[in-house]
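Me: Please walk me through this structure with short questions and answers. Start with how exposed one charged residue is.

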Amino acid sequence: MRPGDKLLNYTITRRIKAGGMGVVFEGEQTWGSRRKVAIKQLLENLRDDDIIRRRFIREAEILEMLEDPRIVRILGFDPDQDAFVMEFVEGNTLSDQLKANPTLFRQPGVLVEFMTNLLDAFSYAHNATLTIEGRTERGIVHRDIKPSNIIVQPDGSPKILDFGISRIASFQSTLTDPKLQMGSVPYMSPEQIVTPTDVDWRSDIYSLGVTLWETQTGRSPYPRVTTHEVVVEVQRQIRFDPLPPLVQLVPADTANDRQFFRQLDQIITKATAKERDHRYQHCEEMKLAIQQAFNTWLGNGTDKQPVENEATRVRPASEPILASALSAPAAKSIWPHASLAESAVTEQQPVESAQSVPDVVAANRQQPAYGTNAGTTGASKKPGRTAAYGLAAALLMAGGIWWWQHKPAQPTPKAATANLSPPATSVLASDATLDELAKADSCLDVATNYYYGRGGLPNDYGKALRGFEQAAKLGNSDAQNRLGTMHQYGQGTAQQYGQALYWYRASAGQGNPEGQKNLGVMYYLGLGVPKAYPEALKWFEAAAGQGNAEGMTNLGVMYEHGTGVAVDNAVALKWYTRAANQHYARAQYYVGNLYALGKGVPQSTAKAVQWYQLAARQGDTNAQRELHRLQQSW
């Protein structure tokens, strides 16, 4: 097509750009408002390739079904000319914007607003329902997220372009050659490189992590791809090397800004984890992490402090912070179980691991003489369900979803009193049937989907809360623990420590290690009950006895600092090491600290470095900082 040519009710006015599959023109509506449009036509030399042509048509079909203001809309399609009409978007690509003003998105407020909109758009796409070839499918994976496919509009909001190589998450398409890598090399996830057809929405999250990195540095993390040798090297780096930390690349005017960059580093590290199970599992998680980093920056930098809770409360440097409840129901555990009977450890060699883990509340600790430290991250375990429960839950899921969505809201239980003894029995009635247990599992699954906004359900804390309540009252210990978390952090309800305590005690009373650990935190910090270190110690020991890494780490904190027990650095080292050998980054960092300080072991900078490196490779910013001070790499 050339200027003056007609397509449907539009006239071509000029050529804008050409890409790998098509060329984009500016057009004008021939009647009415004479509005400007963008017209994309398949390249002429590709029109005889049936697979490419079908892929081009698929892009038009997808765009026609997506209705989000942050995703470009399609206005019409002409199969005879292999072209479709889209809304015309004013603005520059993010790539051009960064070239013109590399520091624009270093302003935390600008960055957070932009990334929030971007992540919301992809959250919508990842959960959208579409009808393709007569089948109803759910979720779009873009597969080519990069700054040049994102328009920064005049008001600063993003608009997403180019769904040309996207795929339906649940659709086994024949349009992708199993050997053909789809996407732009610098933004590909490791799985896109290794197995191009085996990608899902977490591949998009990887690309969003790289894009976040680029908004701060103003450049790609990799050299320009010009030769086959460069392609091979960039792909090797993507598969095996972490992105360079922002704190080493981006200048910061204040200590608060540097801390913000450290938090962004932690977010980027998790988003770009090599194994997709270790990334954020959906865009909402990544968005909440970015917003939390911004709230911390805002609270530290102004007189107006953010709302205080256990995750943000400012503590004296001498007060250690324990591994506490996640601010959301924890993801399924990726770590193996371990028991106290396994290897009475006083010292073990680190086990190499490059896995990243979910964020938890940070811990302030005593530091090595050569540096300071703050919080870090880690993961914990979840108890598995029995095969009988799982089978019954699967059979009842469909009916359970309908029943739960249409049931009336139930009142929450009365707040627990502040006595120190755990409940002798669980909330579960002794004559509960297998059907009731399966219904509890079904409610838990649906509630979890509402909490995360996945599985085709919207993010809705209110519905999540009611679902966890139903499952909890039927005796599901996971639901009881998660319900306690929502009450502790005020999610979908007012913050109520008494209610949180009630449900943690119910969960712990059934032997749930997460509930035991969280109940220990309540006693340790005095939330809903007077501080009671012996009770905290008892519940941490119970959780640790089931292999809970956070419970083990909390025991280490108590023994190292002499909280409720006599100081015993050898015992602290034992617990830290057991958790560290489960690849818990915070515990690895703590073991490094003990070696650096010579506490419970002979002082050894070499061993400290070894443990710091393991933690640093999982994105622990404190370990990375200590290695930087020691002029060591990781």
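Me: Is Glu90 buried, exposed or partly exposed?
Reply: The model is predicted. Glu90 has 42% relative accessibility. Buried needs under 20% and exposed needs over 50%. The value falls in between, so Glu90 counts as partly exposed.

Me: Which residue forms a salt bridge with Glu90?
Reply: Side chains of opposite charge can pair when their charged atoms come close. For Glu90, the closest N and O atoms of the pair are 3.4 Å apart. The partner is itself partly exposed, at 36% relative accessibility. That partner is Lys36.

Me: How many residues apart in sequence are the parts that Glu90 and Lys36 tie together?
Reply: Lys36 lies in strand 4, residues 36-42. Glu90 lies in the loop between strand 6 (83-87) and strand 7 (92-93). The pair therefore ties together parts whose separation in sequence is 54 residues.

Me: What separates Glu233 and Arg236 along helix 6?
Reply: These two form a salt bridge, with the closest N and O atoms 3.1 Å apart. Glu233 is partly exposed at 32% relative accessibility, and Arg236 is partly exposed at 36%. Both sit in helix 6 (residues 228-240), three residues apart. Their separation is about one helical turn.

Me: Is Lys287 buried or exposed?
Reply: Lys287 meets Glu284 in a salt bridge, 3.3 Å from N to O. Both lie in helix 8 (residues 283-301), three residues apart. Relative accessibility is 12% for Lys287 and 12% for Glu284. Under 20% means buried, so Lys287 counts as buried.

Me: Which residues join Glu284 and Lys287 in one network of salt bridges?
Reply: Glu284 and Lys287 pair with each other in helix 8. Salt bridges that share partners link them into one network with further residues. Those residues are Asp68, Arg70 and Asp120.

Me: How many salt bridges does a search of the whole structure find?
Reply: The Glu233 and Arg236 pair is a salt bridge. So is the Glu90 and Lys36 pair. A search of the whole structure gives a total of 20.

Me: Which strands are the edge strands of the open sheet?
Reply: The sheet has six strands in the order 1-2-3-4-6-5, with antiparallel pairing. An edge strand pairs on one side only. The edge strands are strand 1 (6-7) and strand 5 (74-78).

Me: What is the bridge partner of Phe77 in strand 6?
Reply: Strands of a sheet pair through backbone hydrogen bonds, either parallel or antiparallel. Strand 5 and strand 6 pair in the antiparallel sense, over four bridges. In strand 6, the partner of Phe77 is Phe84.

Note on methods
Residues numbered from 1 in each chain as written. Predicted model: local features only at pLDDT ≥ 70, side-chain atom pairs only at ≥ 80, totals over all residues. Heavy atoms only, no water. Salt bridge = Lys/Arg side-chain N within 4 Å of Asp/Glu carboxyl O. Helix = DSSP H or I, 4+ residues; strand = E, 2+ residues; numbered from the N terminus. Buried < 20%, exposed > 50% of the residue type's maximum accessible area, 1.4 Å probe, protein only. Pairing = 2+ DSSP bridges.
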